[in-house]
Amino acid sequence: MAQTASQSLAVALSGLAFRNNLNTILAALFSGSSGASAPSPTVQGQPWLDTGVSPPVLRVRNTANTAWLVVNPETIVANTLRGNPTGSAAAVQDVSMTQLLAMLNIGVSGAAPLYPARAWVNFNGTGTIAIRASGNVSSLTDNAVGDYNVNFTTALADANGALFTSAIGALSVPLALTTAALRINTFSNAFVNTDYAQIHAVVFR
């Protein structure tokens, strides 16, 4: 614990008393006023490493000097998020993944984990092919009739993802997945390579 009841040097100190007073103030400064209870007095922007909770939480005094704000709400502990979900200056609490999803307003049920898509795209595969909407897709390559590459903005960690492709009014199959791109073919009902206006692809990993 390193806190001080004074934020300035006492008047008319000399020698050892001056050094001890200065060292106390410096110890509080360099330790972030660490302690299980809040330091006093306080000023706006003052840090406090609260060791009264486990793990310790770094707080900072708000600009009105009326409350402590949590600085590090992102520590993940055993499927929980340790932080201050209400945004108040009250005590830090553990938030379960179920609670977190509820706060994010994601309509899911059950305890199974969620795995977001790593890339997805909706594009026009006719004429000059074009992306309508996408995520983590930088461009398309028109290899031939009914043959496209979906190129990723950020490369995947590996090529072991699960793939979904579709085309309205057509058949579609994923041909190959690399860390950089997904290759798709689209066919007519007669199994002839054909361009289509509505083609979709999703990569999960």
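Let's start with one residue: Arg183 has a relative accessibility of 34%, so this side chain counts as partly exposed (buried means under 20% relative accessible area, exposed over 50%, and partly exposed in between, with a 1.4 Å probe and protein chains only). You are looking at a predicted model, in which local features need pLDDT of at least 70 and side-chain atom pairs count only at pLDDT 80 or more, while totals for chains, interfaces and linings use all residues. Residues are numbered from 1 along each chain as its sequence is written, and side-chain values use heavy atoms, with hydrogens and water left out.

What does Arg183 meet in a salt bridge? Its partner is the side chain of Asp147, at 2.4 Å from N to O. A salt bridge here is a side-chain nitrogen of Lys or Arg within 4 Å of a carboxyl oxygen of Asp or Glu. Arg183 sits in strand β13 and Asp147 in strand β10, so the pair ties together parts that are 36 residues apart in sequence. Asp147, at 8% relative accessibility, counts as buried.

Now step back to the whole chain. Its secondary structure comes to two helices and 14 strands; these are DSSP runs numbered from the N terminus, with helices being H or I of at least four residues and strands being E of at least two. Of the 205 residues in the protein chain, 32% are buried. The chain exposes about 11,900 Å², and carbon and sulfur atoms supply 60% of that area (accessible areas come from the Shrake-Rupley method with a 1.4 Å probe; for residues, only the protein chains shown count as cover). Take the contacts between residues at least 6 apart in sequence: 38% of them join residues at least 24 apart, where contact means heavy atoms within 4.5 Å.

Back to β13, which belongs to an open sheet of four strands with antiparallel pairing, in the order β9-β10-β13-β12. Two strands pair if DSSP finds at least two bridges between them. At the edges are β9 (137–144) and β12 (171–177), each pairing on one side only. The twist averages 25 degrees from one strand to the next; axes are lines fitted to C-alpha atoms, for helices over the stretch in contact, and angles run from 0 to 180 degrees between N-to-C directions.

On one side, β13 (residues 181–187) pairs with β12 in the antiparallel sense over six bridges, and a hairpin of three residues joins β12 to β13. Along this pairing, Pro174 stands opposite Ile184, and Ala176 stands opposite Arg183. With β10, the antiparallel β13 shares five bridges, and there Asp147 stands opposite Asn185. How much of β13 is buried? Six of its seven residues are, which leaves the strand mostly covered.

That brings us to the largest nonpolar core, which has 19 residues. A nonpolar core is a set of buried Ala, Val, Leu, Ile, Met, Phe, Trp, Tyr and Cys residues joined through side-chain atoms within 4.5 Å. The residues with the most contacts inside this core are Phe123, Val150, Phe152, Leu182 and Val203. The elements that give two or more residues to the core are β7 (117–124), β9, β10 (147–152), β13 and β14 (199–204). Val203 is a good one to click on: leaving aside neighbours within four places in sequence, its contacts include Ala117, Phe152, Leu156, Leu177 and Leu182.

Elsewhere in the chain, an open sheet of three strands runs in the order β1-β2-β3, with antiparallel pairing. β1 (47–50) and β3 (68–70) each have a single partner strand, so one side of each is left without a neighbour in the sheet. Here the twist averages 35 degrees from one strand to the next. Four bridges join the antiparallel β1 and β2 (residues 57–61), and Pro47 has Val60 in β2 as its bridge partner.

A search of the whole structure finds three salt bridges. One of them links Asp50 and Arg59, with the closest N and O atoms 3.0 Å apart. Asp50 counts as buried because its relative accessibility is 6%, and Arg59 counts as buried at 5%. Another joins the side chains of Arg205 and Asp158 at 2.7 Å, N to O. This pair links distant parts of the chain, 47 residues apart: Arg205 in the segment after β14, and Asp158 in the loop between β10 and β11 (162–167). Arg205 is partly exposed at 43% relative accessibility, and Asp158 is partly exposed at 22%.
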